[in-house]
Amino acid sequence: MVTMTAPTPDTDGHTVSPDVGALVVDRRNGKVGVVMGHVGPYVQLRPPHGGREWDVPPEDVRAPTPTEELSAKVAVANRRWGR
């Protein structure tokens, strides 16, 4: 199940690594991904509809916009229904 939570800044304004299952956007390329885990200094993301994971520095992830979040939900639903 994909949860639609995002990373939050700490009291100093630095990005805190998001929790596993959070939906985030890779700032470097605009791809939306679900946090699958943390390895070393990186956050591991996977496309919401499945696929290959990629590593992102935690400072390069951001919360999705409402449009990006809806698009990710639609992609997951379409994949479930074979579209």
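Begin by selecting strand E4, residues 54-56, together with strand E3 in this predicted model; three bridges join the two strands, which run antiparallel. Within that pairing, pick out glutamine 44 of E3 and look across to E4, where its bridge partner is aspartate 55.

Keep glutamine 44 selected and turn to strand E2, residues 32-39, which pairs with E3 in the antiparallel sense over five bridges. On this side, the residue of E2 that has glutamine 44 as its bridge partner is glycine 37. Follow the chain into the hairpin of E2 and E3, where two residues lie between the strands, and select glycine 40, which takes a positive phi near 60°.

Next, show the side chains of E3 itself, residues 42-46, and ask which of them are buried. They alternate along the strand: Val43 and Leu45 point to one face and are buried, whereas Tyr42, Gln44 and Arg46 point to the other face and are not buried.

Then select tryptophan 54 along with lysine 31, whose charged end sits over the tryptophan ring, 4.0 Å from the centre of that ring. A search for aromatic pairs, by contrast, finds zero of them.

Finally, display the whole protein chain, which holds one helix and five strands, and trace these elements from the N terminus in the order β-β-β-β-β-α. If you colour the chain by burial, 31% of its 83 residues count as buried, while the surface that the chain exposes comes to about 5300 Å², with carbon and sulfur atoms supplying 53% of it. Among contacts between residues at least 6 apart in sequence, 35% join residues at least 24 apart.

Methods:
Residues are numbered from 1 along each chain as its sequence is written. This is a predicted model: local features need pLDDT of at least 70, side-chain atom pairs count only at pLDDT 80 or more; totals for chains, interfaces and linings use all residues. Side-chain values use heavy atoms; hydrogens and water are left out. Rings of Phe, Tyr and Trp (its six-membered ring) pair if their centres lie within 6.5 Å; planes under 30 degrees apart count as stacked, over 60 as edge-to-face and the rest as tilted. A charge sits over a ring if NZ of Lys or CZ of Arg is within 6 Å of the ring centre and within 35 degrees of the ring normal. Helices (H or I, at least four residues) and strands (E, at least two) are DSSP runs, numbered from the N terminus. Buried means under 20% relative accessible area, exposed over 50%, partly exposed in between (1.4 Å probe, protein chains only). Contact means heavy atoms within 4.5 Å. Accessible areas come from the Shrake-Rupley method with a 1.4 Å probe; for residues, only the protein chains shown count as cover. Two strands pair if DSSP finds at least two bridges between them.
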